[in-house]
2 protein chains.
Amino acid sequence: MSRKIVIIGAVALGPKVACRAYRADPTVQVTLIDQNRDISYGGCGIPFFVSGDISDIKALMSTSFHLVRDESFFKEAKGVLVHSQTRATAINRRDRKVRLQDLLTGREEDCPYDTLVLATGAVPVKPNIPGIALEGVTTLSNPAEAQLIKNALSQGQVTHCVIIGAGPIGLEMAQAVSELWGVETTLLEIQDQILPGILDPDLARMLSTELKRHEVNLLLEERAVRILGDDQGKVIKVITDQREIPADLVILAAGVRPNTSLAEEAGLTIGSTGAISVNEFLQTSDPDIYAGGDCIELPHLITRQPVWYPSGSLANRQGRVIGTNAAGGRETFPGVTGSFAVKLFDLSAGRSGLTQAAALQAGFDAQEALVIQADRAHFYPGQELIALKLVADRKTRRVLGLSGVAKNGDALLARLNAIAGALPYQPTIEDVANLEIPYSPPFSGAMDILNAVANTLKNTLEGKNRPLAVDQFRELFEGRKENEILFVDVRGPRNALPYVQRFSPDWINIPGETLTQGLGDLPKNKRLVLVCNSGVRSYEAQIVLDQEGITNTLNLAGGIAAVKWAGLNPLEEED
Amino acid sequence: MSRKIVIIGAVALGPKVACRAYRADPTVQVTLIDQNRDISYGGCGIPFFVSGDISDIKALMSTSFHLVRDESFFKEAKGVLVHSQTRATAINRRDRKVRLQDLLTGREEDCPYDTLVLATGAVPVKPNIPGIALEGVTTLSNPAEAQLIKNALSQGQVTHCVIIGAGPIGLEMAQAVSELWGVETTLLEIQDQILPGILDPDLARMLSTELKRHEVNLLLEERAVRILGDDQGKVIKVITDQREIPADLVILAAGVRPNTSLAEEAGLTIGSTGAISVNEFLQTSDPDIYAGGDCIELPHLITRQPVWYPSGSLANRQGRVIGTNAAGGRETFPGVTGSFAVKLFDLSAGRSGLTQAAALQAGFDAQEALVIQADRAHFYPGQELIALKLVADRKTRRVLGLSGVAKNGDALLARLNAIAGALPYQPTIEDVANLEIPYSPPFSGAMDILNAVANTLKNTLEGKNRPLAVDQFRELFEGRKENEILFVDVRGPRNALPYVQRFSPDWINIPGETLTQGLGDLPKNKRLVLVCNSGVRSYEAQIVLDQEGITNTLNLAGGIAAVKWAGLNPLEEED
């Protein structure tokens, strides 16, 4: 008799397990269960359907060769039996059966398994706010909700949208509703930055500037306390702890949590993060039951702590491993390094490994370096700037993570991927300084920004480069007192002039190459903040001044470019 | 007295050593020697100056903040003394002196050193062809030659150009002279492929197709035997072993060789590749003499054999290490993995690590897999195809290299960089299958092509995927005999129809999802070649047929997409 594999959950991981198991051993009998009607859709694509980048929701449920992945597709092409609109209500581990309920007929039956796979994913966190059941208030967890939102937008029913939560989905939705549909959009976030826990505040700030530039009303450190509706139960406004905001669409994007109820009820081990525990073969505490995707926790390959890291991409890779193992193989999935990418209007941001904040939190003696540099040879046309931040442990010199923001998302991905490739092997800063990525002027600099940021971190650890982060720069600038601090602009006069004109005598210009002749202009008793466009010339100036015994200096990390991206340029008033 | 560092050679590595040594220890006294007038130029940018992408040659000699890196720049900004147009004629190692000759005055003098750095680079190989001294025949080794070529082009003096050698410079120059200047361009290559030794023939073929598409006259396996001039000694034609080609500009791009004469005469150890031997600190056999860049050999980190690998990017990274060490530090440069990138018209190509050919040559039991897939989620708009080839050792499952061709060069770089980051640590195929690169639909697929190509290689090693390379496909197709071979197109009818109409009965259509019903149409005694657009559906078909006991099948690797890119589509006659 053929081996029975039953998979609960038919999005991302589930279908991957099913197809892989069948390909690994076409004699297995695979059944895929899902409580919803829509299955095997690309959930990460939902915001791009709302934005209009993807015109037909069917595209999210189709293969790359335009076949819709519905029940008959799985049956015909993949040899997989699908039961949609069917809920798994209990697992009988002793007899190896799953109790199924047909949601249309209510009929229940037992489904026997040799191997069970839990692909139950994550469910949206519904914030505890009065009014979230009103019409026009929705999460964005499946194609049906996406279609409702898009219908409302395309029928002109939405003029004010409030999005609660500035995580990746919140950001993508803010762009989606404001850009194509011209909706007045408010993004509400309890924390003091967007993408909290995902990007460090300095990089997050660059994206906040981009949001404001595109007229998204970003409200940080502000909490929705109530959602109000009209007589028909249709939403009309969101009340926060600071104001009232009109709204005819409210999108709840306050994150997700692992969907573990079935596993818990079956007595499977739940880990410290609240997600299902699995071993390296992705087996739960019951070896006949595998689990993967957004409902499991895994070891973080850098911190060695268990992490719950929901990601459609991890789910796909894990799905292949589970599919192989369910069909009798023995593959492993060792853990997670924590990668992330998001596109927001004209900027892209991403990360491989840990942020500086996460590294400190994990107990590392973490030091960061920020560099802004062109993504191609500086003489090659069409270049764009990338901001990269490398984080390493001071004692072991081990690289812990790379984050970045850039205009060219693929060029950013290229640098993040290089570190993603190295991270599982505990690379040192020196490894990254010498990392040999392919070079030609249309692709990178001869000393690529990836090597440069490692060198900057080395210089920082040696005390040769004493950086000043942009937010600290702005604080120092705002709080400056004469006779205490001097901003020394080492750029050419054309760039420096507007600053000197406006902020003299606190801001002076001595071009870097004339610094040794200009020493007489420098006061001995003040702290000097060295400023250039990108932080490179100001670093060189710091070296020269150190040599002259002038050591009370700070180098503006990333230069004026970083200040501008962060929306902290003293020449422009903040809004 | 301050430490004297003397550097011979002021392009790429030399200036980097100088600036780094000074920054590491501003008390050192650095002297930079070069026999040419132009120094510190971005040699890799020269073809882009000729093409017009860069309008002013000065851009190649400038910093990213538009300061020309001339003698006074180095003196003022970097504390480095430059002697250009000065030749180092001999090294007196016992007394630690270099003999210098001023090329303008002829005056000679000894220059004492504590540390000497050889940055003598590479020199163009001048092929032994009668006529290479004619006017209009030139290498492309410095800005002066580039300026002469561009002058001739811009003054309309060139209607026919012959480029000898289809390496990276030959390709970039073919694009430069043909695209902007509309010059009838012939590219001559002795080997049977472009980029010999750099890319495998199948990927090189994709670039050859791109050359032809842009009307570059590519002549492979053809040798220039003589260059003829007119009465004034100006070139008029190139005679090959097969024809005569009119030419008023001949560019010799037959490669470079390490410039080691000074080192050899000084008795320093030369390695098996003909380049200077150095240790991991980049010291030559004389510990007071460092060498780096295009004149040294290094261990290959994969083959462990010494390799000579000229690259402006390696030179820059090595320059920093030598600069640190010359100033008293102790950094290492462990070796080379062999990375490469080139842009050619609308395609980009590149490599991290070994090609399949190089892996076999190095004694590995190498197996390759080729995949063609979109660079973003398949539902996200604006995607382009990438062709990736992964090479690994069958026994150890160690990944040896990744090569690729793509329309979006940055997206290609992203995948190559991921492998570049991992290569020094001996990753396995399984590592790449699970490699966690940042994911979001605008950047990659949930199962990115990088993971997919590793999975395809796994399937190939397991015998589940039995691929047929495009050139073998074409051979089988051309030599097909009825009753021996059948091409089974598993795409939808719309894609398959033109092939069936033209090549029936040798080409039939059974869409993949109906394959199990269509088994009756398949002959039992023929070899089947399974064909789809990208090689994915045809692989699935192979699995299904295996299960039915039909195992004499081959899966066209990369599908019709690969066939088209290689210019081998049976529907189109080859030129």
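Here are some short exercises on this two-chain predicted model, each with a worked solution.

Residues are numbered from 1 along each chain as its sequence is written, while chains are lettered from A and ligands numbered from 1 in the order in which they are written. Because the model is predicted, local features need pLDDT of at least 70 and side-chain atom pairs count only at pLDDT 80 or more, whereas totals for chains, interfaces and linings use all residues.

**Exercise 1. The interface**

Find how many residues of chain A are in contact with chain B, and which element gives the most to that side.

*Solution.*
- Start with the contact rule: two residues are in contact if their C-beta atoms, placed from the backbone, lie within 7 Å.
- With that rule, 81 residues of chain A are in contact with 81 residues of chain B.
- Next, look at the elements, where helices (H or I, at least four residues) and strands (E, at least two) are DSSP runs numbered from the N terminus. Those of chain A that give two or more residues to the side touching chain B include helix H3 (71-78), strand E21 (339-344), helix H10 (409-422) and helix H15 (536-547).
- H10(A) gives the most, with 12 residues.
- Finally, sort by class: Ala, Val, Leu, Ile, Met, Phe, Trp, Tyr, Cys and Pro count as nonpolar, Asp, Glu, Lys and Arg as charged, and the others, Gly among them, as polar. The side of chain A that touches chain B then has 42 nonpolar, 24 polar and 15 charged residues.

**Exercise 2. The symmetry**

Work out which rotation superposes chain A on chain B, and which C-alpha of chain A is nearest the axis.

*Solution.*
- Two copies of a chain are related by a rotation about an axis and a shift along it.
- The superposition is by least squares on the C-alpha atoms of residues with pLDDT of at least 70 in both copies.
- For chain A on chain B, the rotation is 180° with 0.0 Å of shift along its axis, and the RMSD is 0.0 Å.
- The two copies are therefore related as by a two-fold rotation axis.
- In chain A, the C-alpha of A:Ala414 is nearest the axis, 1.7 Å from it.
- As a check, 100% of the contact residues of chain A recur in chain B, so the same surface serves both copies.

**Exercise 3. A helix pair**

Describe how helix H1 (residues 13-24) of chain A packs against H8(A).

*Solution.*
- Axes are lines fitted to C-alpha atoms, for helices over the stretch in contact, and angles run from 0 to 180 degrees between N-to-C directions.
- The axes of H1(A) and H8(A) are 7 Å apart, and the packing angle is about 35°.
- For handedness, a crossing is left-handed if the near helix is turned anticlockwise from the far one by less than a right angle, and right-handed if clockwise. The crossing of H1(A) and H8(A) is right-handed.
- Among the residues that meet are A:Leu13, A:Val17 and A:Ala21 in H1(A), and A:Ala315, A:Gly319 and A:Ile322 in H8(A).
- By class, this contact of H1(A) with H8(A) has 8 nonpolar, 5 polar and 3 charged residues.

**Exercise 4. Two sheets**

Give the strand order and the edge strands of the open sheet of 3 strands in chain A, then do likewise for the open sheet of 5 strands in chain B.

*Solution.*
- Two strands pair if DSSP finds at least two bridges between them.
- In chain A, the order is E4-E5-E6, with antiparallel pairing.
- Strand E4 (86-92) and strand E6 (108-112) of chain A are the edges, as each pairs on one side only. The twist averages 30° from one strand to the next.
- Strand E5 (residues 97-102) of chain A is joined to E6(A) by 5 bridges, and A:Lys97 stands opposite A:Pro112 in E6(A).
- In chain B, the order is E21-E22-E25-E24-E23, and the pairing is antiparallel.
- Its edge strands are strand E21 (339-344) and strand E23 (366-374) of chain B, with a twist that averages 10° from one strand to the next.
- Between strand E24 (residues 385-393) and strand E25 (residues 399-406) of chain B there are 7 bridges. B:Ala387 has B:Val405 in E25(B) as its bridge partner.

**Exercise 5. Backbone exceptions**

Locate the cis peptide bond before A:Pro505 and the positive phi of A:Arg304.

*Solution.*
- Most residues other than glycine have a negative phi, and most peptide bonds are trans.
- The bond from A:Ser504 to A:Pro505 is cis, with omega near 10°. A:Pro505 is found in the loop between helix H14 (493-503) and strand E28 (507-509) of chain A.
- A:Arg304 is not a glycine, although its phi is positive at about 65°. A:Arg304 lies in the loop between strand E19 (298-299) and strand E20 (306-307) of chain A.
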